Amino acid sequence: RADWAETPPSRWWDATVKATRALTQKLDKKADIASVGLSGQMHGSVFLDSAALERAGSGPIEALRPALMWNDQRTEAERAEIEGLLGGRRASVEASGCPALCGLTAPKLLWLRAHEPDVHDKVAGVCLPKDFIALSLTGVFATDVGEGSGTMLFDNERRDWNGRTLTSLGIDRAVLPAAHESGAIIGAVTAWAATETGLPEGTPLAIGSGDNQAAAVGAG
C-alpha cells in the first residue's frame, strides 16, 4: 500500500549468515576474531512473541509479522495521538528527545494495537533491526542507548526507558529490551549461531548502535 514499508526480519538473518560465512572462510585462523559489533538501519520495529524470545540463540526465530520499517508512514493518526497524550508537540519533544514522527517505534506499537490487535496481544518483545541480529547471535534481548533515543520511549538523560511516557501511551515496559551503552558486551555467539555463521562460539558481541550514530563516530 502507499506509504507502507515492511521487511521480514528473517531476510536480515539470512543475509548476515551468508556474509559472515563468506568472511570467516577467508580467515586463516578464526581465533583472530576478537569480537563482533553491530550497526544497522534505525527505527524498524520487529514484533516477537514469547516463543521467539525463548528460542533465540538456539535456532532460527520468526517475527509475528514483517517489520515496519523506518520509512513506513502509515501511523499518522497514532503520531498525532501521541502528541496529544504527551501534552503537545513541544512536550513530546521534551519527553522523548525527538519529535513525533510516523516512522518511530511508539506510533508503530499504537498502530499495531489499533489495527492488528490479535498480533499485538501476542507481542512479548519489540526490537530494532540490528537488535534482532544480536538476539539471533547471542539469545540476549538488548538494545543500545542510541537506538533507544529514536523510539520516542526513551529518557535520554537517565539513559533508560521513560516510565512516564510508557504509562501515558499504555505500553508495557516488559516488551522492551534492556538498554546498554553502545560499546557494552551484552553476550557471546552461541553454539547454534556459530554453526550458522562460521563465527567462533563464545565470540563476545558489542551491541553497537544505529547507522546515524555509528556514521557520526566514524566521521570523527
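This tour moves from the whole protein to selected residues, with a suggestion at each stop of what to select.

**The whole chain**

Begin with the full model, which is predicted. The secondary structure comes to 11 helices and 11 strands. Along the principal axes, the C-alpha trace spans about 60 × 40 × 30 Å. For 220 residues, a compact globule would have a radius of gyration near 17 Å, and the value for this protein, 17 Å, agrees with that.

Next, display the surface. The protein exposes about 10,300 Å², of which carbon and sulfur atoms supply 51%. Of the 220 residues, 49% are buried. Contacts can also be viewed by their separation along the chain: among those between residues at least 6 apart in sequence, 73% join residues at least 24 apart.

**Helix α3 and its two sides**

Select residues 76–85, which form helix α3. Which residues of this helix are buried? They are E78, R79, I82 and E83. Seen down the axis of α3, the buried residues fall within an arc of 145°, so they line one face of the helix. On the other side of α3, A77 and G84 are exposed.

Now add α4 (89–96), α5 (105–115) and α9 (163–169) to the selection; these helices are included in what covers the buried residues of α3. Before leaving this region, pick G87, just after α3, where phi is positive at about 100°.

**Aromatic pairs**

A search of the whole structure finds four aromatic pairs. One of them is formed by W13 and W192, which are stacked, at 5.5 Å centre to centre and with 20° between the planes. W13 lies in helix α1 (residues 9–24) and W192 in helix α10 (residues 191–197), so this pair ties together parts that are 179 residues apart in sequence. Are these two residues buried or exposed? W13 is buried, with a relative accessible area of 7%, and W192 is buried as well, at 18%.

For another arrangement, select F154 and W161. Their ring centres are 5.2 Å apart and their planes stand at 90°, so the pair is edge-to-face. Both F154 and W161 are buried.

**An arginine over two rings**

Select R74 together with W4 and W111. R74 lies over the face of W4, at 3.5 Å from the ring centre. R74 also lies over the face of W111, where the distance from the ring centre is 4.6 Å.

**K130 in helix α7**

Move to residues 129–138, helix α7, and pick K130 within that helix. This lysine is buried, with a relative accessible area of 3%. Which residues does K130 touch, not counting those up to four places away in sequence? The list comprises L38, S39 and G40, then T143, D144 and E147, and finally I207, G208, S209 and G210. Showing these side by side with K130 completes this stop.

**V119 in helix α6**

The last stop is V119, placed in helix α6 (residues 117–120). Residues up to four places away in sequence aside, V119 touches L64, R65 and L112. A distance marker may be drawn from V119 to R65: their C-alpha atoms are separated by 7.9 Å, although the two residues are 54 residues apart along the chain.

Conventions
Residues are numbered from 1 along each chain as its sequence is written. This is a predicted model: local features need pLDDT of at least 70, side-chain atom pairs count only at pLDDT 80 or more; totals for chains, interfaces and linings use all residues. Side-chain values use heavy atoms; hydrogens and water are left out. Helices (H or I, at least four residues) and strands (E, at least two) are DSSP runs, numbered from the N terminus. Contact means heavy atoms within 4.5 Å. Buried means under 20% relative accessible area, exposed over 50%, partly exposed in between (1.4 Å probe, protein chains only). The arc is that of the directions from the helix axis to the C-beta atoms. Rings of Phe, Tyr and Trp (its six-membered ring) pair if their centres lie within 6.5 Å; planes under 30 degrees apart count as stacked, over 60 as edge-to-face and the rest as tilted. A charge sits over a ring if NZ of Lys or CZ of Arg is within 6 Å of the ring centre and within 35 degrees of the ring normal. The radius of gyration is taken over C-alpha atoms; the globule rule is 2.2 Å times the number of residues to the power 0.38. Accessible areas come from the Shrake-Rupley method with a 1.4 Å probe; for residues, only the protein chains shown count as cover.
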